[in-house]
Structure formats: C-alpha cells, structure tokens
Amino acid sequence: MTVSRGEVEGLLRELAPQVLTALVRRNGQFHLCEDASQEALLAAAQQWPSGGLPDNPRGWLITVASRRLTDQIRSEQSRRAREEQIAVATPPSELLGPPADAEHADRDDSLALLFGCCHPHLSPPSQIALTLRAVGGLSTAQIAAAFGVPEATMAQRISRAKQTIAGAGFDFSMPSGAERTERLRAVLHVLYLVFNEGYTASEGDTLTVPALSQEAIRLTRWLHRLLPDDGEVAGLLALMLLTDARRTARTRPDGSLVPLAEQDRSRWDQAKIAEGVALVTGALPRGEVGPYQLQAAIAAVHDEATTMADTDWPQILGLYDLLELAAPNPFTALNRAVAVAMVRGPAAGLEVIAALEADKRMARHHRLIAARAYLRELAGDTAAAAADYLDAARRATSLPERRYLALQASRLAPSG
Amino acid sequence: MKYLMLIYGNQEKWASVRADQWSEVIARQDAFNRKYRETGELIGAYGLADEIQARLIRRENGQPAVTDGPYLETKEYIASFYLLDCESEERAHQIAADMPFADVDPVEVWPILHEAKPDL
C-alpha cells in the first residue's frame, strides 16, 4: 500500500506523543527518549512513503525508538545494566496496538507529557518549541522554519528546554488540585501563543514550513478529546476555530490586511463557525466561565453577524465587561472601548481610551493609537484621526499592519 | 520577536583599550555570545571591519561602481551587530543591558518588522 508524504506526516504527528509517552513510561529520561522518538519519526518519514506503512505503525515506531534509545545510551557509555533493562522491558504487547483498557493510562501520560513541555520553569518560547516537537511531532527544522530562525538556534532552544526539564525532575506524573488548574492554564496559554504566532508569511509548503495556527488547532482538538469536560479547553478550541474561520477573508491576494468591517463575509468558513459556536454554547452553561470561553463568545457574535452594522454590539459589550472582570488586561480594555463606541457613540469610546492613556506604555502602543484613530474618524475629527493613523503606523512592528495603518493615514490626509 | 542590537565606536575608542586588556575584552564578549546562543535567543553576532574598509556600491551601466564609504560622516560607526529572537521587548532590553560594556556605552536596540497578520 503506497501512501502520500502528507498522509504519512499526518499519521506520524498523531502517533508522536504516543510513542514518546510509551518510551518515557518505561525508561524515564525524557531528554534521551525525546531524541530517540524523533529519530524514529524521521526514519518513518523517509521509509514509509516509498516502502508502504507497516502493519502496526505505532509498534514499529516504538520498536525503532527503543533501539535508538539503546544505541544512545550505549554510545553515551551509560551503565550496561540500563541497556539490558530496556531490552528486557520491551513487552511484546507494545508491539501490538494498545488494549482497550489502556486508554486511560495513555490519556494521563499524554497529558503529563504536554504539562511537562509547558513546565513553568521554561520561558514561553522554550515551552512552545518543546511542545511542537515532543507533542506535535514536528522536526527541529520545521519549527525553526515556522519561526524564521536558523535550525541551530531552535536546536539550542529545545536542548536547553530539555536540560531544564531534566533539572526540574520531570517525573511524568500529573499534577493535581490547584496545581493542575494552574498548569493547565499554562498549557492553554502556550497553545494560544502558537495559534497567534503569525510569522508564517505565506501558505507555502506546509510540510517544510508548517502553518502554526493549524498545528495549534490540531493540538487543542487533541487536548479537547482528552479533557472533553473542561470548559476552557473547549473555549480555546472554539476561539481558534471562530478566528480561523475568517482567515481567507482577512488578507487580499497581495498580502494586505482587510479589517473586519470590510471583509467579504461570504468567504468566512461556515463549517468552522458552526463547530466553534457549538463548542462555546456547549461549554458556557457548564459553569466556571473563563477568559477563553468569553473571547470565543465574542468571536461567535461577530461571526454570526451578516454585516458590521448588524452585529449585536450590546451583547459584545456585555461580554467584554465580563472578560474585564475575569481577566483584566489593557488590550481587553481597549477592545471594550471600541465596543463602547459602537453602542454609545465614538465620544464615549474615546473617553474609555483616554482613561487607558494613564498607563504610559499603553499610551504609546500602536494598538491604542490605531483604535483612537478609528474612533476619531467616526467622530468626524479627520485631521486628528489621520495624525493618529500615521503615529500608529510608525509604532507598529508588523509589516502588514504598518502598511494598513499608513494607508488609512494617507486616505484621510490627501497630499497636495 | 526579533531585534537588532548595534554597538558603535571609533578608532580613538578602540585605541584606548590597552593591549594587555584585549584578551579579557574578547573573553567577556565570547562569554556573552555563548550564554545567549545557549538560551536559543542569540541568532548571530558579527563584528565589522574598520570604517576605512566600508565601500559604497552603485550600479552604473549594469556594472558595480565602487567608491569609499561609509555613506554618512559621523563620529562613531557601527562596530558590531547582534540578531536576537526573544520573548518580548523587555527581554531584549534585559539582554542588551547584559552586554559587556553596556555600563559604559549604550547599546542600540531596534525591533525588526515581522509579517504577523493580526485580525483587525
């Protein structure tokens, strides 16, 4: 049976965390297991497209990874006993599919793996890199390409993260109680950051430069399968789907940005919107409404409106009020100011923004200045709006955003 | 986020470093470079040759036309540049402040434009 490179890649990415957890469960030593697991995945990626899939892909990978692990330990001149232990400890059952009753243990191990990669001792860039490699099954080269850094830099970041994990005594056990809640929050934040990482400039060869937003959705979907009753996991998945639904309408073919008000809403992905809406409406009544569910609910209100004017702005404002209580944040406050303007008029929105300017860093942030420009334009103060758009353009570091803002400035201030 | 760090200087400044201090100066810079390569935040660190070696290139009749540079006459020229990829601007500032001679001369930090496409 021949399979395409893309199919093999998809299957390997599904199996990656399973292989790694099986290895770590038996041997501990996360850092060595992670290397061995990657080598097995690479071997499969090279052999399977031409040679066909083995009867039991998971067992094949675990066997190959175990052999590589043995080789590694041998080459590192580790104790001979450990080698034998690995050889002896490979139960034939691992070479078959998992029995039905093993699902629970697998689930906990997969979760523990994800929690470990998002360990609080690691910086967010390291958490992201390690999660994409160990749980996402991406190669170092792919992650480096996605972030636009040399492979050596990314390899260093991953190696450093693994050393930190080893030093922190990664014991592959699940935290419980309040710590579990805290750690899950860190995991969700990492997935959120991966989704928002917009460095992938083009829809190029996704095998070489993976689209991180798609990878974030895949991993969050996987997490949602493991924790179907967690409202915030469902909320994050919904938020991603509801945002991603607008992706094709958000940019023109030349790469320039299209603001929400001007997007061709017929191009929004209705299947993703339906799935996102179903997820968030299922999660909200379960209690414990967190920031991801609220953001998803806001995105859902936008996605269900047929035009900007038809949007249920009072409902969006109500949701922003709740979000400010649940997770106070200057950018949430800024979005709320725009909602205030849509409900009560631009002057009311500008008042909210003026209050935010008390924070000096916020006052200089291009997002605040751009929002103020938009509201000043709505209020009819064209000259001030043009000046703000220009100032915002100069402060933006995203090239498409900067071009968009500069265009708004020149639209309002036609030069003679 | 990617950042460019620049160090400026001139012959007078480099000449003021005593010959027996150079190895220590280099060792400190090497230690800095190693430290941030290991964290995966320093993408590259490059020292530039003396300004008498800078050239200005134009194209004339399809051929490179070379004159002596640099483009701007200033008191100090770029001596070295560093490419960072780190979590935040605060982190970039922290790394810049850790440069061996940041207590004597400032380090210039520039954000590098990226291609992120926010949902407006």
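Two strands pair if DSSP finds at least two bridges between them. Helices (H or I, at least four residues) and strands (E, at least two) are DSSP runs, numbered from the N terminus. This is a predicted model: local features need pLDDT of at least 70, side-chain atom pairs count only at pLDDT 80 or more, and totals for chains, interfaces and linings use all residues. Residues are numbered from 1 along each chain as its sequence is written, while chains are lettered from A and ligands numbered from 1 in the order in which they are written.

**Exercise 1. Find the strands of chain B that pair with strand 1 of chain B, and give the sense**.

Step 1. Take strand 5 of chain B, residues 77–85. Strand 1 of chain B, residues 2–9, pairs with strand 5 in the antiparallel sense, over eight bridges. B:Leu4 stands opposite B:Leu83 there.

Step 2. Take strand 6 of chain B, residues 108–111. The pairing with strand 1 is again antiparallel, over four bridges. B:Met5 has B:Val109 as its bridge partner.

**Exercise 2. Describe helix 1 of chain A: span, kink, burial and end**.

Step 1. Helix 1 of chain A covers residues 5–27, 23 residues in total. The expected span is 1.5 Å times one less than the number of residues. From first C-alpha to last, helix 1 reaches 31 Å, close to the expected 33 Å.

Step 2. Look for a bend, the angle between axes fitted to the seven residues ending at a residue and the seven starting there. A kink of about 40 degrees lies at A:Leu15, shortly before the proline A:Pro17.

Step 3. Check burial. A residue is buried if 20 or more other C-beta atoms, placed from the backbone, lie within 10 Å of its own, exposed if 12 or fewer, and partly exposed in between. The buried residues of helix 1 include A:Leu12, A:Leu15, A:Ala16, A:Pro17 and A:Val19.

Step 4. A:Gly28 follows helix 1 of chain A, with a positive phi near 65 degrees.

**Exercise 3. Analyse the contact between domain 1 and domain 2 of chain A**.

Step 1. Set the bounds, which come from an automatic or database domain assignment. Domain 1 is 1–97 and domain 2 is 106–226 in chain A.

Step 2. Count residues in contact, meaning that their C-beta atoms, placed from the backbone, lie within 7 Å. Domain 1 gives 18 residues and domain 2 gives 16.

Step 3. On the domain 1 side, helix 1 and helix 2 (30–51) of chain A each supply at least two residues. Helix 1 of chain A has the largest share, twelve residues.

Step 4. Sort that side by class. Ala, Val, Leu, Ile, Met, Phe, Trp, Tyr, Cys and Pro count as nonpolar, Asp, Glu, Lys and Arg as charged, and the others, Gly among them, as polar. The domain 1 side has eight nonpolar, five polar and five charged residues.

**Exercise 4. Do the same for the contact between chain A and chain B**.

Step 1. Chain A contributes 26 residues and chain B contributes 16.

Step 2. Helix 8 of chain A gives the most to the chain A side, five residues.

Step 3. By class, the chain A side holds twelve nonpolar, eight polar and six charged residues.

**Exercise 5. Place the backbone exceptions A:Gln29, B:Asn61 and B:Pro70**.

Step 1. Recall the background: most residues other than glycine have a negative phi, and most peptide bonds are trans.

Step 2. A:Gln29 has a positive phi, near 50 degrees. A:Gln29 sits in the loop between helix 1 and helix 2 of chain A. With 19 C-beta neighbours inside 10 Å, A:Gln29 counts as partly exposed.

Step 3. B:Asn61 also has a positive phi, near 50 degrees. B:Asn61 is exposed, because 5 other C-beta atoms lie within 10 Å.

Step 4. The peptide bond from B:Gly69 to B:Pro70 is cis, with omega near -5 degrees. B:Pro70 lies in the loop between strand 4 (63–68) and strand 5 of chain B.

Terms used:
Two residues are in contact if their C-beta atoms, placed from the backbone, lie within 7 Å.
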